[in-house]
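New to this one? Take a moment with the sequence and the 3D view, and then we'll walk through it piece by piece.

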Amino acid sequence: MGDTKGQVVAGDNGAGKRLDQLNLPTDVLIDKETDSLIICDWQNRRVVRWSRRSGTTQGEVLIANVDPCGLTMDDQRYLYTSDYKKDEIRRYQIGDKNGTLVAGGNGKGAGLNQLNYPHYIFVDQQQTVYVSDNENHRVMKWNKGAKEGIVVAGGQGRGNALTQLSRPNGLFVDTLGTIYVADSRNHRVMRWPKGAKQGTVIVGGNGEGEGENQFNYPAGLSFDRQGNLYVADVNNNRVQRFSIK
């Protein structure tokens, strides 16, 4: 802690598709077992892995010919990617090039077996997949092996009522099944208890703006071990931290 300057750990050789380059990376996770970064290299239509060891000068391609927006890894080290063009989520073992369909994959649409621009993903210990179904303005839950999903937040059309979402993005689900979601176009973060028909606004919801209680398109979110919430406030070019009761 206390750093005032960042350190480049992947890319920084201009936008491109060589193994030492990235092009519009959209998501990243840390694989502690291999001490590496796994990166959604969006414009290059691939997922790549870069070792965190000093002296690393290029990455390796794990998954190619995909259109990945979101990326996560479960406790068993399976990778999950959201493909916004195929409107599907796939699960991959490291080294597997094709993966297994776990959500969507039935064309773009609003049916319970469909997605429309899936973005952020959260996977729990039972390999249940939660996905922010961005252009359907809802969060979907797909149990392992299910042929269709369950609407667990939103799904009442685009809007700013407590029953609605507008372009949801970042997701976190706690051990009680409570969903935290960045409700991006409503400039707020919402909490939906398991089984609830409506959510509550926990931060933001005070209109688009630059104030400490405002956002301008919140997207990614994460919690630390102390329960502090961090939100990527996209159009304000900042990350905000909140203490959540």
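## A pair across two strands

Arg191 sits opposite Thr200, a residue of E16. What you're looking at is a predicted model, so keep that in mind as we go. E15 and E16 run antiparallel and are joined by four bridges.

Zoom out a little and you'll find an open sheet of four strands, ordered E13-E14-E15-E16, with antiparallel pairing. E13 and strand E16 (200–204) are the edge strands, each with a single partner, so one side of each has no neighbour in the sheet. From one strand to the next, the twist averages 25 degrees.

## The largest nonpolar core

Which residues make up the largest nonpolar core? There are 12 in all: Phe122, Tyr130, Val139, Val152, Ala153, Leu165, Leu171, Val173, Ile179, Val181, Met190 and Trp192. At least two residues of this core come from each of strand E12 (150–154), strand E13 (168–173), strand E14 (179–183) and strand E15 (188–192).

Pick out Phe122 and look at what it touches. Beyond its neighbours within four places in sequence, Phe122 is in contact with Thr128, Val129, Tyr130, Leu171, Phe172 and Val173.

## Asn169, a residue of E13

Is Asn169 buried or exposed? Asn169, which belongs to strand E13, has a relative accessible area of just 2%, so it counts as buried. Its side chain makes a polar contact of 3.1 Å with the side chain of Tyr217.

Asn169 has other company too. Setting aside residues up to four places away in sequence, it touches His119, Tyr120, Ser132, Asn134, Val181, Ala182, Ser184, Tyr217 and Ala219.

## Two domains and a loop

The domain assignment splits the protein into domain 1 (8–65) and domain 2 (69–243). Their C-alpha centres lie 23 Å apart, and the contact takes 15 residues from domain 1 and 13 residues from domain 2.

Now find Arg45, in the loop between strand E2 (36–41) and strand E3 (46–51). Arg45 is partly exposed, at 33% relative accessible area. Not counting residues up to four places away in sequence, Arg45 touches Ile63, Ala64, Asn65, Val66, Asp67 and Pro68. Lys5 is another story: Arg45 and Lys5 are 40 residues apart along the chain, and their C-alpha atoms are separated by 30 Å.

## The E5 and E6 hairpin

Strand E5 (residues 68–73) is mostly covered, with six of its six residues buried. E5 pairs with strand E6 (residues 79–83) in the antiparallel sense, over four bridges. One pairing to look for is Leu71, whose bridge partner in E6 is Thr81.

Five residues lie between the strands of this hairpin, and Arg77 takes a positive phi near 70 degrees there.

## More positive phi values

Why might a positive phi catch your eye? Most residues other than glycine have a negative phi. Asp87 is a residue other than glycine, yet its phi is positive, near 55 degrees. You'll find Asp87 in the loop between E6 and strand E7 (88–92), and its relative accessibility is 2%, so Asp87 counts as buried.

Arg167 also has a positive phi, about 55 degrees, although it is not a glycine. Look for Arg167 in the loop between E12 and E13. What about its exposure? With 23% relative accessibility, Arg167 counts as partly exposed.

Conventions
Residues numbered from 1 in each chain as written. Predicted model: local features only at pLDDT ≥ 70, side-chain atom pairs only at ≥ 80, totals over all residues. Heavy atoms only, no water. Core = buried A, V, L, I, M, F, W, Y, C linked by side-chain atoms within 4.5 Å. Buried < 20%, exposed > 50% of the residue type's maximum accessible area, 1.4 Å probe, protein only. Contact = heavy atoms within 4.5 Å. Polar contact = N/O pair within 3.5 Å; in protein donor to acceptor, adjacent residues only side chain to side chain. Pairing = 2+ DSSP bridges. Axes fitted to C-alpha atoms, helices over the stretch in contact; angles between N-to-C directions. Domains from an automatic or database assignment.
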